[in-house]
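Visitor: Hi, I have a structure open and would like to talk it through with you. Could we go through it step by step?

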Amino acid sequence: MELNFKHQLGLLCVTLLLPALCTSQDSFTCSRATYYGSPDCYGNPRGACGFGEYGKTVNDGSVAGVSWLWKNGSGCGACYQVRCKIPQFCDENGAYVVVTDYGEGDRTDFIMSPRGYSKLGRNTYASAELFKYGVVDVEYRRVPCRYGGYNLLVKVHEHSRNPHYLAILILYLGGTNDITAVELWQEECQEWRRMRRAFGTVFDAENPPRGDIKLRFQLSGNAEQYWVQSKNVISGDWEAGAVYDSEIQLG
């Protein structure tokens, strides 16, 4: 009876330790990944982050939809290293993907574009075998996004109408922080006014200030939160589709 109790206690300890072992080594977390269909193997330009064509081709099309990493849209633009765990097929570095969409699967944290999923494999043959699996066990970790030569860009969303409605989306978010809020400067009130997160990485405001518009962004991550202000303004004659360089370099 005593031996049986010790045996059961040992099994309980192993069971409790498994998640810790899975998440402690090199800060990787265990999960599963799959892929979605795409006619050209790139990302989905209609992804829930609102990136449009940028969401299709950023990072050479190695992108992913996520569920709990979505964070109500603030997870958009985050970068992850994802490695599968079948030694004979999986590349030791795995794939580097950018979050551009929301997606739920069978206990999966990543639903990847075909271009992203193929990079899990050691070579072309290995990648083809991984596609046959459909869903694979993986481990992942957050890594800095690096866009050589690009500052944080602000694009005026296609649904914007000057001067009554301004919506913006944020491109080339470097580093490992999330943008959790955006504010614009209300000159006549001498105060910052919070923009609404419409969806994904799209923030909007009804009746925005006339003239040039100053923006600032709240960055959150690693238990810290701070604001950075754009060094450039959105010009008063803004129109849908216009892109502005914030001159903010994050990394």
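Visitor: What volume does the largest pocket have?

Guide: Before anything else, please keep in mind that this is a predicted model. In this model the largest pocket has a volume of about 260 Å³.

Visitor: And which residues lie nearest its centre?

Guide: The lining of the largest pocket consists of 16 residues, and those that lie nearest the centre are Gly-50, Phe-51, Gly-52, His-157 and Glu-158.

Visitor: Which helix and which strand each supply at least two residues of that lining?

Guide: Helix 2 does, and so does strand 7, which covers residues 153–156.

Visitor: How many of the lining residues are nonpolar, polar or charged?

Guide: Sorted by class, the lining of the largest pocket has 6 nonpolar residues, 6 polar ones and 4 charged ones.

Visitor: Changing topic, how many salt bridges are there in the whole structure?

Guide: A search of the whole structure finds 11 salt bridges. As background, side chains of opposite charge can pair when their charged atoms come close.

Visitor: Which residue does Asp-40 form a salt bridge with?

Guide: Asp-40 pairs with Lys-56, and the closest N and O atoms of the two are 2.9 Å apart. Asp-40 sits in the loop between strand 1 (29–35) and helix 2 (53–57), while Lys-56 belongs to helix 2, so this salt bridge ties together parts that are 16 residues apart in sequence. Asp-40 itself is partly exposed, with a relative accessible area of 31%.

Visitor: What about Lys-71, which partner does that one have?

Guide: Lys-71 forms a salt bridge with Asp-178, with the closest N and O atoms 3.0 Å apart. Because Lys-71 lies in the loop between strand 2 (63–66) and strand 3 (79–84), whereas Asp-178 lies in strand 9 (residues 178–186), the pair ties together parts that are 107 residues apart in sequence.

Visitor: Is Asp-178 buried or exposed?

Guide: Asp-178 is buried, since its relative accessible area is 7% and the cut-off for buried is under 20%. Its partner Lys-71, at 37% relative accessibility, counts as partly exposed.

Visitor: Where do Lys-132 and Glu-129 lie?

Guide: Both are in helix 4 (residues 124–133), 3 residues apart, which is about one turn of the helix. They form a salt bridge whose closest N and O atoms are 3.0 Å apart. Lys-132 counts as exposed at 64% relative accessibility, whereas Glu-129, at 15%, counts as buried.

Visitor: Which residues are joined into one network?

Guide: Arg-32, Asp-106 and Arg-107 are, through salt bridges that share partners.

Conventions
Residues numbered from 1 in each chain as written. Predicted model: local features only at pLDDT ≥ 70, side-chain atom pairs only at ≥ 80, totals over all residues. Heavy atoms only, no water. Salt bridge = Lys/Arg side-chain N within 4 Å of Asp/Glu carboxyl O. Helix = DSSP H or I, 4+ residues; strand = E, 2+ residues; numbered from the N terminus. Buried < 20%, exposed > 50% of the residue type's maximum accessible area, 1.4 Å probe, protein only. 1 Å grid on protein atoms, 1.4 Å probe; cavity = no way out; pocket = protein on both sides within 12 Å on 5 of 7 lines; lining within 4 Å. Points joined across faces, edges and corners; volume = space filled by probe spheres on them. Nonpolar A, V, L, I, M, F, W, Y, C, P; charged D, E, K, R; others polar.
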